[in-house]
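Q: I am new to this structure. Please take a close look at one strand, then show me what lies around it.

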Amino acid sequence: MVLLTQAVGWNGSTQLAALHALSPFLLVVTIPAAGLACWRKRHPLAIMTSFVGAGSLLLAFPLVFTPDRPAPDPTGTEVSVAAVNLLFSNPVVFDAADDLLIRNADAILFSEYTAEHQAVLRAHPLATAYPHKVERDGSFASGIALWSKYPVAESQRPATVHSTLNILMYGPDGPIRIFGVHPPTPIFTFDGWIADLETFGELGSAATEPTLIVGDFNASYWHPVFRDLLRRGLSDAHTTHGQGFSNSWPTDKFFPAFVRLDHALTGNGLVSTSVHDFTVPGSDHLGFVVSVVSVVPARVVPGR
């Protein structure tokens, strides 16, 4: 059932969205099950499990064999952006700020940014290192903020369930359009989750500047609605750099993280050159730092 909905691109329901996140584990179960069924000569079961396993491998193909991407401009200046889900109940935000100060990214996108977090962060030396700020503190998981070393200007706010930042950052090679995102979970509001993710795709398609859509998407590659974003010409940094099977949530349980919800999508002449994850003190997500740069300018052929 889960594989069939993946094949037709049906997002389904809250329950199905949860099952979609577990899709890669079908490989772990079905391939040994197919082998066992063949050995035991349970032919109907062998055929069914082989079909499911083959479908899962086909779905995972782009994570292993990543598509070609435009070449980064070797003369361009990289800009690094850290994405951090603080966790609204985080009791050690000051420690997280210590870590971010050492990482020294050019900008930081905070999600689950509360008024309490804002007060702690603004009292930290990190606030001086990032003089340009756009902040939308909120209750529980709804707040979001961008701190930058480069000047920023906020554009019209998109109509989304949680606040979405629409920012023009004036980097060393010109402006970069940054959309800081954190939609609700499909468990909280399934329709709002779908609508917000569709809005992110529309924003990315409509932008004219080099574009970065970054944050906690509350969605993984295994959700059809997220793959729709990639079909709009956006590239996922973790997939681009061979980390498509990496996970970012949850990090505060007795079991390991099992799904990647945190992403950086590039487009409109912007590409990622590297991405790496890191532990955020007190959070239930891994953070990451992505470095981006403009692509090689297209050659203009005289007379054309």
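A: Two strands pair if DSSP finds at least two bridges between them. Strands here are DSSP runs (E, at least two residues) and helices are runs of H or I of at least four, numbered from the N terminus. This is a predicted model: local features need pLDDT of at least 70, side-chain atom pairs count only at pLDDT 80 or more, and totals for chains, interfaces and linings use all residues. Residues are numbered from 1 along each chain as its sequence is written, and side-chain values use heavy atoms, without hydrogens or water.

Take strand β12, residues 286-294. Eight of its nine residues are buried (under 20% relative accessible area with a 1.4 Å probe, protein chains only; exposed is over 50%, partly exposed in between).

β12 has a partner in β1, residues 79-85. The two run antiparallel and share five bridges. Here V79 faces V292 of β12.

Strand β11, residues 270-279, also pairs with β12. This pairing is antiparallel too, with nine bridges. L270 has S294 of β12 as its bridge partner. Six residues separate β11 from β12 in a hairpin. In its turn, G282 has a positive phi of about 80°.

β11 also takes part in a salt bridge, defined as a side-chain nitrogen of Lys or Arg within 4 Å of a carboxyl oxygen of Asp or Glu. R260 and D277 form it, at 2.6 Å from N to O. D277 belongs to β11, while R260 sits in the loop between α10 (237-240) and β10, so the contact ties together parts 17 residues apart in sequence. R260 is buried, at 6% relative accessible area. D277 is partly exposed, at 25%.

β12 also borders an enclosed space. A cavity is a set of points on a 1 Å grid over the protein atoms alone where a 1.4 Å probe fits but cannot get out; lining residues have an atom within 4 Å of a point. The structure holds one cavity of 30 Å³ or more. The largest cavity holds about 40 Å³ (the space filled by probe spheres set on the points, which are joined across faces, edges and corners). L286 and G287 are among its lining residues, as are A83, V84 and N85. β1, β2 (107-111), β8 and β12 each give at least two residues to that lining. β1 supplies the largest share, three residues.

Now look further out. Six strands form an open sheet with mixed pairing, in the order β5-β6-β7-β8-β10-β9. Its edges are β5 (152-154) and β9 (235-236), each paired on one side only. β9 meets β10, residues 262-267, in the antiparallel sense over two bridges. D236 has L265 of β10 as its bridge partner.

The structure holds seven salt bridges. One of them joins E209 to R177, with the closest N and O atoms 3.2 Å apart. E209 lies in the loop between α8 (190-206) and β8 (211-216), and R177 in strand β7 (residues 174-181), 32 residues apart. Both ends count as buried: E209 at 16%, R177 at 11%.

D228 and R231 meet at 2.5 Å, N to O. D228 is partly exposed, at 36%. R231 is exposed, at 60%. A network of salt bridges links R136, E154 and R157.

Methods:
On a 1 Å grid over the protein atoms alone, a cavity is a set of points where a 1.4 Å probe fits but cannot get out, and a pocket is an open set with protein on both sides within 12 Å along at least five of seven lines; lining residues have an atom within 4 Å of a point.
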